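Visitor: I would like to learn how to read a structure like this one. Can we take it feature by feature?

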Amino acid sequence: MSDEFRNHVAGRWVHAESGATYENRNPAGRDDLIGTFAASGPVDVERAVASARDGYEMWSRIPAPKRGEALKRAGDLLVERKEELADGMTREMGKPLVETRGDVQEAIDTAYYAASEGRRLFSHTAPSELSAKMGFAVLRPAGVFGIVTPWNFPLAVPSWKIFPALVCGNAIVWKPAQDTPWTAVRFVEILVEAGVTPEAVQLVTGFGSEAGEPLVKADGVTGVSFTGSTVVGCHIAGLCGARGRRVSLEMGGKNAQLVLDDADLGLALEGVLWGAFGTTGQRCTATSRLIVQDGVHDELVEALVARAGELRLGDGRRDGTDVGPLINEDAREKVDKYVRIGQNEGAELVLGGGIPDDDDLSRGWFYRPTVFVGVEPDMRIAQEEIFGPVLSVLRVSDFEEGIAVMNGVRYGLSSSIYTADVGRAFQAIERIEAGITYVNGPTIGAEAHFPFGGVKDTGNGHREGGWPVYDFFSDLKTVYVDYSGRLQKAQIDA
Ligand code: TAP
């Protein structure tokens, strides 16, 4: 069974102006057609942005607590439809149901947090330097935001942007990843049903070059919130910079888990299995490097290879599946290319490293969980984001070398250290160059009410989640009220 899905523009579900569509298929079985979706172009984007300007006028005038109430209803609808959404999301992007349920739950948590923020949106006040004068700052709605998102968290990542943008009083135009338009359609349906002004939520599905880039460039867009690869993010930042518009970037990672000799090895093993192979390694926070101190290296690697070799590949909607497929053929080719690079660089392949030959996996984009040992810090498999189930193990002699290897990459999203030494843990927190550090936990597992984002080439200083994102989606207005009844001059009248 397949369906035809449309854009949401100017409050209606419409085809792309050109009539163009594209097919979206299940990555675990490519004969399963999920549906056809609008392949949008610049004209569709232009219409969506023009209508979003109207939507902004209407939605921004609704008091923030009332906007929050609509988001609360959206959260309730997500709760009601959690199972149906998780099932469709697994069908669309492949990760096991337990993970897509978590993805929906993150959107629910974000909805409720944002809803309550409608009654806060706190800002600052301070005493004036003059008498009979008051100063304070207020967060004001900013305008229309372009939202550009990846496929690996098809609901959670968009929700981190869309709920805060909306509660702050903005309208959005959303270009979701071409691989996960079904989830996007379902999310927009929920937002409108929950009572968000329909013109404040515009959806244009399709491809990055044909719909995403025109959105970033469109007149009438106030700012862009992007999550995806560093190469695309930096390109978008250039386009925004040339137009003087704000841009929030959440980009790639090359996250490491450091295991010291005094670590609880059982805990470290569970952490790396989940961090490296959850979501088939396709998380921005995935553990792609395991840095192990000499004294426990061999024991941990032996246990890791045994356990990773037992992970069951399969359709994420089937009971017992640990690891789903990669998102598409290009992704699988990229992973395989990196495995060949690793072998050519002299790393030792101790697990996986190929496409499984089982018949029932041949219809999907599966790749075997892969482990390299003997990886040197300057090898490409230790430096570049692979975005698949490939783990590079690096051996270090002590804590100092571990930190140096950890920091010796261009990215800085997530990180983890396993140790029983509290002092070492706090030194690591201070010295690891990353937006997120876990102590005795894997590199993955963000919570909606904490800031999320990275340093170095992972981001441009903004954060999603928690409280800071509300500043990005607002304009800060400073207000002075002089009730002295005379002209008072700041800095001049003592
Ligand atoms: P990208 O290829 O960068 O795509 C991200 C989004 O940008 C997609 O919607 C894409 O459309 C669109 N896009 C592509 N070219 C564009 C252009 N020229 N102008 C405007 N939009 C454009 O990333 P991906 O493959 O979907 O996701 C994987 C990457 O995202 C990894 O690097 C991963 O680390 C990163 N990621 C980071 C985070 C955080 S929070 N840091 C979270 C998740 C993922 P199409 O789908 O049509 O290509």
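Guide: Let us begin with a loop residue. Phe450 sits in the loop between strand 20 (436-439) and strand 21 (455-456). Keep in mind that this model is predicted.

Visitor: Is Phe450 buried, exposed or partly exposed?

Guide: Read the relative accessible area against two cut-offs: buried is under 20%, exposed is over 50%, and partly exposed is in between. Phe450 has 45%, so it is partly exposed.

Visitor: Which residues is Phe450 in contact with, leaving aside neighbours within four places in sequence?

Guide: Glu464, Gly465 and Gly466. Add a distance along the chain: Phe450 and Pro468 are 18 residues apart, and their C-alpha atoms are separated by 9.1 Å.

Visitor: Let us go to a strand. Where does Phe226 lie?

Guide: Phe226 is in strand 11. Its relative accessible area is 3%, so Phe226 is buried.

Visitor: What does Phe226 touch, not counting residues up to four places away in sequence?

Guide: Its contacts are Val148, Lys161, Val232, Gly233, Ile236, Ser248, Leu249, Glu250 and Met251. For a distance, take Phe136: Phe226 and Phe136 are 90 residues apart in sequence and 31 Å apart in space, C-alpha to C-alpha.

Visitor: And Val224: buried or exposed?

Guide: Val224 is buried, because its relative accessibility is 0%. Val224 is also placed in strand 11. Beyond its neighbours within four places in sequence, Val224 is in contact with Phe145, Gly146, Val216, Ile236, Cys240, Arg246, Val247, Ser248 and Phe472.

Visitor: How many residues apart along the chain are Val224 and Val350?

Guide: They are 126 residues apart, and 43 Å separates their C-alpha atoms.

Visitor: Now the ligand. How many residues surround the ligand, and which are the closest?

Guide: There are 29 around the ligand, and the closest are Thr149, Gln178, Ser229, Met251 and Glu385. Then check the chemistry of that shell. It divides into 14 nonpolar, 11 polar and 4 charged residues.

Visitor: Which polar atoms should I look at?

Guide: Look for N or O pairs within 3.5 Å. A side-chain N or O atom of Ser229 is 2.6 Å from a ligand oxygen atom. For Gln178, a polar side-chain atom lies 2.8 Å from an oxygen atom of the ligand. Gly228 uses its backbone: an N or O atom there lies 3.3 Å from an oxygen atom of the ligand.

Visitor: How much of the ligand does the protein bury?

Guide: The protein buries 88% of the 910 Å² that the ligand exposes when taken alone.

Visitor: Which elements give two or more residues to the shell around the ligand?

Guide: Helix 7 (208-217), strand 11 (223-227) and helix 8 (230-242) do. Strand 11 is the element that holds Phe226 and Val224.

Visitor: Next, the nonpolar core. Which residues touch the most other members in the largest one?

Guide: They are Phe163, Leu166, Trp174, Leu191 and Val196, in a core of 78 residues. Helix 4 (residues 97-117) gives the most to this core, with 8 residues.

Visitor: What does Trp174 touch, not counting residues up to four places away in sequence?

Guide: Trp174 touches Ile147, Thr149, Pro154, Pro158, Ile162, Ala184, Phe187, Val188, Gln202, Leu203 and Val204. There is also a second, separate core of 34 residues, which includes Trp151, Ala256, Ile327 and Ala382.

Visitor: Last topic: backbone angles. What is the general idea?

Guide: Most residues other than glycine have a negative phi. Positive values are therefore the ones to look for. Thr279 has a positive phi of about 50° and is not a glycine. Gln491 is not a glycine either, and its phi is near 70°.

Visitor: Thr279: buried or exposed?

Guide: Thr279 is buried, because its relative accessibility is 1%. Thr279 is in the loop between helix 9 and strand 14.

Visitor: And Gln491: buried or exposed?

Guide: At 69% relative accessibility, Gln491 counts as exposed. Gln491 lies in the segment after strand 22 (474-482).

Visitor: Where is Thr280 found?

Guide: Thr280 is in the loop between helix 9 (265-277) and strand 14 (287-293). Its relative accessibility is 2%, so Thr280 counts as buried. Leaving aside neighbours within four places in sequence, Thr280 is in contact with Val323, Gly324, Pro325, Leu326, Gly388 and Pro389.

Conventions. Residues numbered from 1 in each chain as written. Predicted model: local features only at pLDDT ≥ 70, side-chain atom pairs only at ≥ 80, totals over all residues. Heavy atoms only, no water. Near = heavy atom within 4 Å. Polar contact = N/O pair within 3.5 Å; in protein donor to acceptor, adjacent residues only side chain to side chain. Areas by Shrake-Rupley, 256 points an atom, 1.4 Å probe, with all protein chains shown as cover. Helix = DSSP H or I, 4+ residues; strand = E, 2+ residues; numbered from the N terminus. Nonpolar A, V, L, I, M, F, W, Y, C, P; charged D, E, K, R; others polar. Core = buried A, V, L, I, M, F, W, Y, C linked by side-chain atoms within 4.5 Å. Buried < 20%, exposed > 50% of the residue type's maximum accessible area, 1.4 Å probe, protein only. Contact = heavy atoms within 4.5 Å.
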